[in-house]
Amino acid sequence: MTRPEPWLMALVAKNGLDNLCRVCLASGNADLGYTLINIFEPPNQDTASGFSKADVLHTICDIELSEDDHLPKRICPVCFSRLDDAYNLRQQSQTTQQTLYEVLAEVTSASENAARNNVNQLEHEVGKLFERSKLFPKMFLFGMFPISCFSFQGYFEQLRTYLTHILPL
């Protein structure tokens with residue numbers, strides 16, 4: 001552990017720890033209108049988040065906070081504004097991520113539906129060929145492989161079997 005800077009030690013000796021910003025070490029000065037904000041006060045309309053400042057500070061900065069830890073309990077207005085912005089950015093990022101996942105699912109589903117429709121259309125066209133032909137058992141040539149079957153469903157089962165042997169996955 002390194003020793004604190006002498007200027008900081010002098011500031012603490014003069015004003016105490018509670019008059020320092022927990023984030024940037026700025027010193028509050030009520031005479032100059034630069035007052036620090038208590039991070040443990042209940043949530044109010046100051047933040048767009050609506051959560052307590054301590055919770056937001058813990059979430060964004062990943063620091064442990066306790067009212068009993070003898071460390072500064074306040075932050076300066078500049079850090080407060082930056083904290084609120086960071087929290088809003090985090091919320092927006094999470095919302096956007098969820099929206100993108102939903103869009104991806106929809107696009108994937110639409111793509112799968114289009115592929116399914118193409119297969120259905122192909123099956124329909126082959127079915128028309130079967131209906132036009134009055135020959136049973138039917139025989140089709142797929143490449144050099146004759147596929148004989150008694151039904152439309154049988155044709156696709158034999159075709160699937162043939163393709164699995166020719167094009168193993």
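These legends accompany close-up views of a predicted model.

**Figure 1. Overall layout of the predicted protein.**
The model is a prediction. The protein contains four helices and four strands. Read from the N terminus, the order of elements is α-β-α-β-α-β-β-α. The protein has 169 residues, and 22% of them count as buried. Its accessible surface is about 12500 Å². Carbon and sulfur atoms account for 58% of that surface. Take the contacts between residues at least 6 apart in sequence: 51% of them join residues at least 24 apart.

**Figure 2. The largest nonpolar core.**
This core holds 14 residues. C21, L57 and I75 have the most contacts inside it. Helices α2 (53-61) and α3 (77-132) each supply at least two of its residues. The largest share comes from α3, with four residues. C21 and I75 also touch each other directly.

**Figure 3. Four annotated cysteines.**
An unreviewed UniProt entry carries the annotation "binding site" for C21, C24, C76 and C79. These residues span 59 positions in sequence, yet no two of their C-alpha atoms are more than 8.1 Å apart, so they gather at one spot. Two of the four, C21 and C76, are shown in the next two views.

**Figure 4. Surroundings of C21.**
C21 sits in the loop between α1 (6-15) and β1 (37-38). Its relative accessible area is 0%, so C21 is buried. The cut-off for buried is under 20%. Residues up to four places away in sequence are left out of the contact list that follows. Beyond them, C21 touches A26, L36, R74, I75, C76 and C79. Two of these partners, C76 and C79, share the "binding site" annotation in the UniProt record with C21. C21 is also among the residues with the most contacts inside the largest nonpolar core.

**Figure 5. Surroundings of C76.**
C76 lies in the loop between β2 (74-75) and α3. Its relative accessibility is 1%, so C76 counts as buried. With residues up to four places away in sequence set aside, C76 touches C21, C24, A26, Y34 and L36. Among these partners, C21 and C24 carry the "binding site" annotation from the UniProt record. A26 and L36 are also contacts of C21.

**Figure 6. Salt-bridge network around D69.**
The structure holds three salt bridges. One of them pairs D69 with R22, with the closest N and O atoms 3.1 Å apart. This pair links distant parts of the chain. D69 is in the loop between α2 and β2, while R22 is in the loop between α1 and β1. The two are 47 residues apart. A salt bridge also joins the side chains of D69 and K73, at 3.0 Å from N to O. Shared partners connect R22, D69 and K73 into one network. D69 has 23% relative accessibility and counts as partly exposed. R22 is buried at 14%. K73 is buried too, with a relative accessible area of 15%.

**Figure 7. The salt bridge between K53 and E41.**
K53 forms a salt bridge with E41. Their closest N and O atoms are 3.4 Å apart. K53 lies in helix α2 and E41 in the loop between β1 and α2, so the pair ties together parts that are 12 residues apart in sequence. K53 is buried, with a relative accessible area of 3%. E41 is partly exposed, with a relative accessible area of 28%.

**Figure 8. A54 in helix α2.**
A54 is found in helix α2. The relative accessible area of A54 is 11%, so this residue is buried. Leaving out residues up to four places away in sequence, A54 touches I39, F40 and L65. The view also takes in S66. A54 and S66 are 12 residues apart along the chain, and 8.6 Å separates their C-alpha atoms.

Methods: Residues numbered from 1 in each chain as written. Predicted model: local features only at pLDDT ≥ 70, side-chain atom pairs only at ≥ 80, totals over all residues. Heavy atoms only, no water. Core = buried A, V, L, I, M, F, W, Y, C linked by side-chain atoms within 4.5 Å. Buried < 20%, exposed > 50% of the residue type's maximum accessible area, 1.4 Å probe, protein only. Contact = heavy atoms within 4.5 Å. Areas by Shrake-Rupley, 256 points an atom, 1.4 Å probe, with all protein chains shown as cover. UniProt positions renumbered as here; feature names shortened; annotations may be inferred. Salt bridge = Lys/Arg side-chain N within 4 Å of Asp/Glu carboxyl O.
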